[in-house]
Amino acid sequence: MNLTNQQETISTHPPIAPTEKKIESRIHIGESAGTPSFESLPVKMAAIDLSVYYGKFRALKDISIEIPENKISALIGPSGCGKSTLLRSFNRMNDLVNGSRVTGQVLLNGKNIYEPGVDVVDIRQRVGMVFQRPNPFPMSIFDNVAYGPRLYGIHKKNILEEIVEGSLRKSALWDDVKDKLQQSGLALSGGQQQRLCIARAIAVEPAVILMDEPASALDPISTLKIEELMESLKEDYTIVIVTHNMQQAARVSDFTAFLMIDEDRAGWLVEFGATEQIFTNPQNEQTEQYVTGRFG
Amino acid sequence: MPRQTLDREIQHLQDEVLLLGSMVEQAMLNAIDTLKHRDKKAARLVYLDDERINEKRYAIENRVLILFATQQPIAHDLRLLAAILEVITELERMGDYAKGIAKIAVRISDDETPIPIREITRMGDLAVSMLHRALSAFINEDVNMAYRIPKEDDLVDDLYNQVYHKNVNAMIANPEIIDHSSYIMWVVHNIERMADRVTNICERTIFIATGELLEIDISDDEWAEEDEI
């Protein structure tokens, strides 16, 4: 074989590229990440075709959403989109607003909480709430946490002490306050006060904790502490949080619901999905516009 | 302590990068072994190694992007996660080099022309050792080590040049082995490139620790190589 022929022989070989052109592995961002799809998760609460009216004004329109158990679900959306209204409808806090009216259903463990005859106090025990501004009662730390249990008829000192310690431990406040349980709750820092309010909420052993902007009045470090606390609380509770802070929703939640206002100024649910997916590859163009800060 | 979630995720990702690195090291050693033993069956197993490497790389990339989107990493965290994206790309390419060698092993397994296996094995061992220590430096953010390791690339280049000249002379003496020798050139080229890419990992280590994006000047840059040839 002469050299020229040999070169031709070489050129007939396919080039030895280190890779083949075959597609071997694919991952869709947001998928196969850590969060399972909702379909596979037990549902703790759900809204079915829920509309909420304040007088003639329809604040929420036909919301259907399933809140997975032992997960953190965040409600985000521009101001006035009805996310707080939706949150408050989960424990009938809207009942306190004059002229409010609800159509559709809100299910807790599969039962409609707006059914006639349902005990609202019982609902609010099972679905607790933490508000934007820490609002400890003007009483001692101990009495703040024991307030709910006492209301529900627990008066034995040792049982109350157990509940108070357990609740303060779960809310990551015990080590800070164990030596000053008789001091006023109002003497604590803002972040501590908010954790006290969380301890107060969990002292009555709710199944669900609703949080309405729980960190918006706090400094950044206290905010991150509350977020870490939420992460540990979800082992025992289902959490729904409303936040204006999209980054907070991204950091803290497993699932995110994006709400918007339609032309009648009624809030509607645009998209609800795994947070990892909503913030990396939302399915809806309006969600994309909102989470990238181009709208809202 | 705040940011436990992010810290935990970062630590997990660092473990995953080390795991990916060890998969690449093993793939390269396996590939060279199949060449040495002219073992077609084992060579095809290296193809599977490469698939697993690619999958692991995509999984890590996916996780890093999710952390960018959800955890807003900044400063050191940001540099570390950005560096991980670079490093896994380098590792995946090294996996491709291993697979390339395995493919050559399949092609020349029936050819009895001698292979300079001593030099190839030595090159592979050097490159793998460099990679191993570079990843250790990456995780420990050991800047001194990151500066030292690329210098070892000279040893790999020396061996590459030895094989190159040996091969050219052999081809001139016996044109019938040009085909075979060209394949061997690919093999040593792949190992040599692997060692080059270790330098890129070291650069990222320095970036994480200092914030400085720099190119470590190694003696065998493309122009120097061309001059030499």
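This report walks through selected features of chains A and B in a predicted model.

**Chain A overall**

Chain A holds eleven helices and ten strands. It has 296 residues, and 44% of them count as buried. Consider contacts in chain A between residues at least 6 apart in sequence: 69% of these join residues at least 24 apart.

**An enclosed helix in chain A**

Helix α7 of chain A covers residues 190-202. It has 13 residues and reaches 19 Å from its first C-alpha to its last. That is close to the 18 Å expected at 1.5 Å a residue. Twelve of the 13 residues of α7(A) are buried, so the helix is largely enclosed by the rest of the structure. Among the buried residues are the glutamines Q192(A), Q193(A) and Q194(A). R195(A) and R200(A) are on the list as well, along with L196(A), C197(A) and I198(A).

What covers them? Part of the cover comes from helices of chain A, including α4 (141-151), α5 (157-170), α6 (174-177) and α8 (220-233). Strands β6 (127-130) and β7 (208-212) of chain A are also included.

**Two helices of that cover**

Helices α4(A) and α5(A), both part of the cover of α7(A), also pack on each other. Their axes come within 9 Å and cross at roughly 110°. The angle between 65 and 115 degrees is why α4(A) counts as roughly perpendicular to α5(A). The crossing is right-handed. From α4(A), the contact uses F142(A), V145(A), A146(A) and P149(A). From α5(A), L160(A), I163(A), V164(A), S167(A) and L168(A) take part. By class, eight of the contact residues are nonpolar, one is polar and none is charged.

**A buried lysine**

K83(A) sits in helix α2 of chain A. Is K83(A) buried or exposed? It has 27 C-beta neighbours inside 10 Å, so it counts as buried. Leaving out residues up to four places away in sequence, K83(A) touches L75(A), I76(A), G77(A), V242(A) and L259(A). K83(A) and L269(A) lie 186 residues apart in sequence, yet their C-alpha atoms are 9.3 Å apart in space.

**The helices of chain B**

In chain B, helix α1 (residues 4-37) packs with helix α3 (residues 75-107). The angle is about 15° and the axes are 9 Å apart. That makes α1(B) roughly parallel to α3(B). Their crossing is left-handed. The contact residues divide into 22 nonpolar, three polar and one charged.

Helix α2 of chain B, residues 40-71, has 32 residues. It reaches 46 Å from its first C-alpha to its last, close to the 46 Å expected at 1.5 Å a residue. After α2(B) comes Q72(B), which has a positive phi near 45°.

**Residues with positive phi**

Two more residues have a positive phi although neither is a glycine: R92(A) and A75(B). The table sets out their phi values and C-beta neighbours.

| Residue | Phi | Other C-beta atoms within 10 Å |
|---|---|---|
| R92(A) | about 60° | 19 atoms |
| A75(B) | about 50° | 8 atoms |

Where is R92(A) found? It lies in the loop between α2 (83-89) and β4 (100-108) of chain A. R92(A) is partly exposed. A75(B), by contrast, is in helix α3 of chain B and counts as exposed.

Notes. Residues numbered from 1 in each chain as written. Chains lettered and ligands numbered in written order. Predicted model: local features only at pLDDT ≥ 70, side-chain atom pairs only at ≥ 80, totals over all residues. Helix = DSSP H or I, 4+ residues; strand = E, 2+ residues; numbered from the N terminus. Expected span 1.5 Å × (residues − 1). Buried ≥ 20, exposed ≤ 12 C-beta atoms within 10 Å, placed from the backbone. Contact = placed C-beta atoms within 7 Å. Axes fitted to C-alpha atoms, helices over the stretch in contact; angles between N-to-C directions. Parallel < 35°, antiparallel > 145°, perpendicular 65-115°, else oblique. Left-handed = near helix turned anticlockwise from the far one by under 90°. Nonpolar A, V, L, I, M, F, W, Y, C, P; charged D, E, K, R; others polar.
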